[in-house]
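User: Hello! I am new to this structure and would like to understand the labels people put on its parts. Could you walk me through some of them?

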Amino acid sequence: MPTFNTSPGTRDILAPESARWRAFQQVFADVVEHAGFAHIIPPMFEDLGVFLRVGETTEIVTKEMYDFDDKGGRRIALRPEQTASVCRAFVEHRPVTPWKVWYSGPNFRYEKPQQGRYRQFDQVGVEVLGVDDPQLDAEIIALAVEFYRRLGLRGIRLSLNSLGDSGDRERYAAALRTHFVSHLDALSVESRATLERNPLRVLDSKRPEDAGAIAAAPRMADHLCDAAAAHFASVQAALQAAGVDFVIDDRLVRGLDYYRRTTFEFVATSLTAAHTAIGGGGRYDGLVADLGGPETPGIGFALGLDRTLLACDAEGVFAAPATVVEVFIVDVTGGAQAATVCSQLRAAGIGADRAYDARSMKSQMKVADRSGARLALIVGEDEVAKNAVTLRTMETGAQQLVPRDELVAQVKTALGR
Ligand code: AMP
């Protein structure tokens, strides 16, 4: 028989890690719902056109998209990110602004799998549509910082940049092109190819041979129009007022083409592998219009769950919560008693599990031990005759006989509830 493993770049998330994922998403939901964000669940696949707006020069679109024709002849793509879906939803539903939403879930990119980089990876994120105010940029960033604080992470570095308005970005791209063309000999083959598509992305290159030309390249800060420069100054002032530390990194262009004005990235200083960026975001003031909606400013961020948990591992924080049952039922009279007791306890809100297949006492006690339950309830012929159950405290081995009609109350007492 053939056997199957997960596809490259995908993983099964098993317990206890799966409980940690859920806790991660819950902490995020708590933080953002307290800030007035409503939950949105976009579909995992959409018309390819929605994602082409992310930027036809980005690798996410040109190389990494999982796109295919469905049986109805539609060109479909698995979402590589969720901002475009949220903007499509905004155009489709026309909610009142400001529209503040949060999301959580998997995205798909055909990347080269390695530690911290997967083909299916999870993100949590927020988007706000309809607000220009630089106060919001700072508030959004502060929310992400608060989330990291709740996870217990300490080694987070926030980089900040402004990509200016679309005219600024174009002028800057032209200046960069001129610069790099005149330094073509000093560029790597890869960066020369990138230059053809998008000169801004050359700034992303980490190849040592490109470092000189990049260091000498023109700076975005010198190409900001007055309005974009004033916006950027206000964002910085608001962050300072909120006590959020940041560094200005005018080489920060990020992977997606739709960013305008504020862009930011969070790096985990505890991660030493190639992938230290654990989240990022920015303004995308043109995206809603690109998707056929009215001119609408937008800003948001996406935080990578997989990588952020690697950073948590590196710092030894945000351990998986315990999900063990509290009570294990050992029934050596056939199993029907275990069924009744289990339902009674579960209905009372007590976590309960049992053994099956009418195994011996010894074998059932082994399973009880392995389950991590604090209490075992033992049902033998004696107990049935007395209409009672033996309650055993696993740690001490102490046992007491408990009448069936006092079972729930006594179990709760034993659990300290
Ligand atoms: P992006 O949507 O590219 O702006 O990425 C935002 C965050 O998602 C990054 O900082 C990473 O933490 C995470 N991320 C992006 N791509 C991947 C991937 N292939 N595997 C794991 N995490 C990813």
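User: How many aromatic pairs are there, and what makes two rings a pair?

Analyst: The count comes to nine aromatic pairs. Rings of Phe, Tyr and Trp (its six-membered ring) pair if their centres lie within 6.5 Å; planes under 30 degrees apart are stacked, over 60 edge-to-face, and the rest tilted. This is a predicted model, where local features need pLDDT of at least 70 and side-chain atom pairs pLDDT 80 or more, while totals for chains, interfaces and linings use all residues. Residues are numbered from 1 along each chain as its sequence is written, and side-chain values use heavy atoms, leaving out hydrogens and water.

User: Why is the pair of Tyr66 and Tyr110 called edge-to-face?

Analyst: Their ring centres are 5.8 Å apart and their planes stand at 75°, so the pair is edge-to-face.

User: What makes Tyr66 count as partly exposed?

Analyst: Buried means under 20% relative accessible area, exposed over 50%, and partly exposed in between (1.4 Å probe, protein chains only). Tyr66 has 26%, so Tyr66 is partly exposed. Tyr110, at 45%, is partly exposed too.

User: And Phe264 and Phe266: buried or exposed?

Analyst: Phe264 has a relative accessible area of 0%, so Phe264 is buried. Phe266 is also at 0% and therefore buried. These two form an edge-to-face pair, 5.9 Å centre to centre with 75° between the planes.

User: How do you know that Arg119 lies over the face of Tyr110?

Analyst: A charge sits over a ring if NZ of Lys or CZ of Arg is within 6 Å of the ring centre and within 35 degrees of the ring normal. Arg119 lies over the face of Tyr110 at 3.8 Å from the ring centre.
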